[in-house]
Amino acid sequence: MNVLIIYAHPNPNSFNAALRDLAVRALSQAGHSILLSDLYTMRFNPVLSAQELQGDLRDIQPEIEKVRRADLLLFQFPDWWYGMPAIMKGWIDRVFAYGFAYDDEHSFDSGLLQGKKAMLSLTVGAREDYFHSAPQRDLLRVLEPIHYGIFAYCGLEVLPPFIAYGPGEMNEAERKATLEAFREHLQKLPELKPLRFS
């Protein structure tokens, strides 16, 4: 596959960076071709312009071409305020443009990105038991605006996310185990069953 990794974290020594690097290595070793959009390094402008809103996509064309080439979009980011960083949301606002990712006649099963897959890989600030202790913290529910409202709406097949719980609280052994779990998640890509939305 052609895999586009969209990465957003301002700290080059973050656990997100370690997850990104592992994804590049593991997917390359499995024979996939990798494209990378490192949004902070690129100093990506997340602000949708009036010209783009009117259909002038020249400034964003290089990112659109990356999406066009990709079979899988892998988003790597820290969960901030139960959502993605603003720079990544801005990437979606600009790149998933009307006429490219969707239009008035094409959404969901007929979305213009049909035939491609999307997957989230994210870190969250607390341990796993915190998110299981109350229904409002259910991360599949929290991520539904992304999974359903963006990816599924544009016709993408939505793969189960990988979630690294509380990396700031992990010891070295736990970090290694989490990276290995991510490697295994990526190795199972052909077998992962897409999420379904009622």
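Student: Why is Glu180 called partly exposed?

Tutor: In this predicted model, Glu180 has a relative accessibility of 34%. The buried class ends under 20% and the exposed class begins over 50%, so a value in between is called partly exposed, and this is how Glu180 counts. Arg183 falls in that class as well, with a relative accessible area of 23%.

Student: What makes Arg183 and Glu180 a salt bridge?

Tutor: The closest N and O atoms of Arg183 and Glu180 are 3.3 Å apart, and because the limit for a side-chain nitrogen of Arg and a carboxyl oxygen of Glu is 4 Å, the pair qualifies. Both residues lie in helix H9, three residues apart, which amounts to about one turn of the helix. Elsewhere, Arg20, Asp21 and Asp38 are joined into one network by salt bridges that share partners.

Student: How do you know that Arg175 and Glu172 are separated by about one helical turn?

Tutor: Arg175 and Glu172 are three residues apart in helix H9, and therefore about one helical turn separates them. They too form a salt bridge, in which the closest N and O atoms are 3.7 Å apart, a distance that is within 4 Å. Arg175, at 26% relative accessibility, and Glu172, at 49%, both count as partly exposed; the value for Glu172 is not over 50%, so Glu172 is not called exposed.

Student: What makes the pair of Glu157 and Lys117 one that links distant parts of the chain?

Tutor: Glu157 is in strand S5 (residues 157-158) and Lys117 in strand S4 (residues 117-124), with their positions 40 residues apart in the chain. Their closest N and O atoms are 3.8 Å apart, which is within the 4 Å limit, so this counts as a salt bridge. The search of the whole structure finds ten salt bridges.

Student: Why is the aromatic pair of Tyr148 and Phe197 called tilted?

Tutor: A search of the whole structure finds nine aromatic pairs, and in this one the rings are 5.4 Å apart centre to centre, with 55 degrees between the planes. The centres lie within 6.5 Å, so the rings pair, and because the angle is neither under 30 degrees, as for stacked rings, nor over 60, as for edge-to-face rings, the pair is tilted. Tyr148 belongs to helix H8 (residues 144-152) and Phe197 to the segment after helix H9 (172-187), so that the pair links parts of the chain that are 49 residues apart. Tyr148 and Phe197 also belong to a cluster linked by ring pairs, together with Tyr98, Tyr102, Phe108 and Tyr153.

Student: How do you know that the pair of Phe162 and Phe182 is tilted?

Tutor: The planes of Phe162 and Phe182 are at 35 degrees and the ring centres are 4.8 Å apart, so the pair is tilted. Phe162 lies in strand S6 (residues 162-165) and Phe182 in helix H9, so parts that are 20 residues apart in sequence are tied together. With relative accessible areas of 8% for Phe162 and 0% for Phe182, both values are under 20%, and therefore both residues are buried.

Student: What makes Arg20 a residue that lies over the face of Tyr7?

Tutor: Arg20 lies at 4.5 Å from the ring centre of Tyr7, a value within the 6 Å limit, and because the assignment also needs a direction within 35 degrees of the ring normal, the distance alone would not settle it.

Student: Why is Lys66 called buried?

Tutor: Lys66 has 17% relative accessibility and so counts as buried, the cut-off being 20%. Lys66 is found in helix H4, and its side chain is joined to that of Ser37 by a polar contact of 2.9 Å. Beyond neighbours within four places in sequence, Lys66 is in contact with Leu4, Leu35, Leu36, Ser37 and Met42.

Student: Which residues have the most contacts inside the largest nonpolar core?

Tutor: They are Leu73, Phe75, Trp91, Phe96 and Phe151, in a core of 42 residues. Among the elements that each supply at least two residues of this core are strand S1 (2-7), helix H4 (61-69) and strand S3 (72-78), while H5 gives the most, with five. A second, separate core has 21 residues, including Leu19, Ala26, Met119 and Phe182.

Note on methods:
Residues are numbered from 1 along each chain as its sequence is written. This is a predicted model: local features need pLDDT of at least 70, side-chain atom pairs count only at pLDDT 80 or more; totals for chains, interfaces and linings use all residues. Side-chain values use heavy atoms; hydrogens and water are left out. Rings of Phe, Tyr and Trp (its six-membered ring) pair if their centres lie within 6.5 Å; planes under 30 degrees apart count as stacked, over 60 as edge-to-face and the rest as tilted. Helices (H or I, at least four residues) and strands (E, at least two) are DSSP runs, numbered from the N terminus. Buried means under 20% relative accessible area, exposed over 50%, partly exposed in between (1.4 Å probe, protein chains only). A nonpolar core is a set of buried Ala, Val, Leu, Ile, Met, Phe, Trp, Tyr and Cys residues joined through side-chain atoms within 4.5 Å. A polar contact is a pair of N or O atoms within 3.5 Å; within protein, one must be able to donate a hydrogen and the other to accept it, and residues adjacent in sequence count only if both atoms are side-chain atoms. Contact means heavy atoms within 4.5 Å.
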